[in-house]
Amino acid sequence: MHEAGLLAAAIAQALAAAPPDTTTGSGGAGARRPVAVAIRVHDPVHIGVDAAQMHAELALRARGLHDVPVEVTADPVACPMCDVPNDVQPDHPFCEACGWPLPDRGGDQVEATVRWASA
């Protein structure tokens, strides 16, 4: 269940980068409200799109942002044997064309970006 921690951390980092609220006047400390969250799964061999969606929604709900929509997409994984790009899920991490096992991406497995309400 490593997805939960990865998604919570990625969302926390994206939310921490909130632009300042310029509507509060005199340098108020408020922040804009997020209107959408986009999750990009860079390692779909280990993190499924459905799992990422669920854990992102739970992480937002824990922050009182249950009404913020989440869109999850995954990077294709190129087969090291035949170089065919694959849309892969963790339950079947094999090339659709030749059946070769697909590699781990390594590095950051997920990335979150937030779209903010305009000031």
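Guide: Welcome! Buried means under 20% relative accessible area, exposed means over 50%, and partly exposed is in between (1.4 Å probe, protein chains only). This is a predicted model, in which local features need pLDDT of at least 70 and side-chain atom pairs count only at pLDDT 80 or more, while totals for chains, interfaces and linings use all residues. Residues are numbered from 1 along each chain as its sequence is written, and side-chain values use heavy atoms, with hydrogens and water left out.

Visitor: Why does Asp67 count as partly exposed?

Guide: Asp67 has 49% relative accessibility, and partly exposed covers the range between under 20% and over 50%, so Asp67 counts as partly exposed.

Visitor: What makes Arg33 and Asp67 a salt bridge?

Guide: A salt bridge needs a side-chain nitrogen of Lys or Arg within 4 Å of a carboxyl oxygen of Asp or Glu. For Arg33 and Asp67 the N to O distance is 2.5 Å, so the pair is a salt bridge.

Visitor: Why is Asp75 called buried?

Guide: Asp75 has 17% relative accessibility, so Asp75 counts as buried. Asp75 also forms a salt bridge with Arg40, with the closest N and O atoms 2.5 Å apart.

Visitor: Why is there no disulfide bond between Cys82 and Cys95?

Guide: A disulfide is a pair of cysteine sulfur atoms within 2.5 Å. The sulfur of Cys82 is 3.6 Å from that of Cys95, its closest cysteine sulfur, so the two are too far apart for a bond. The structure holds zero disulfides.
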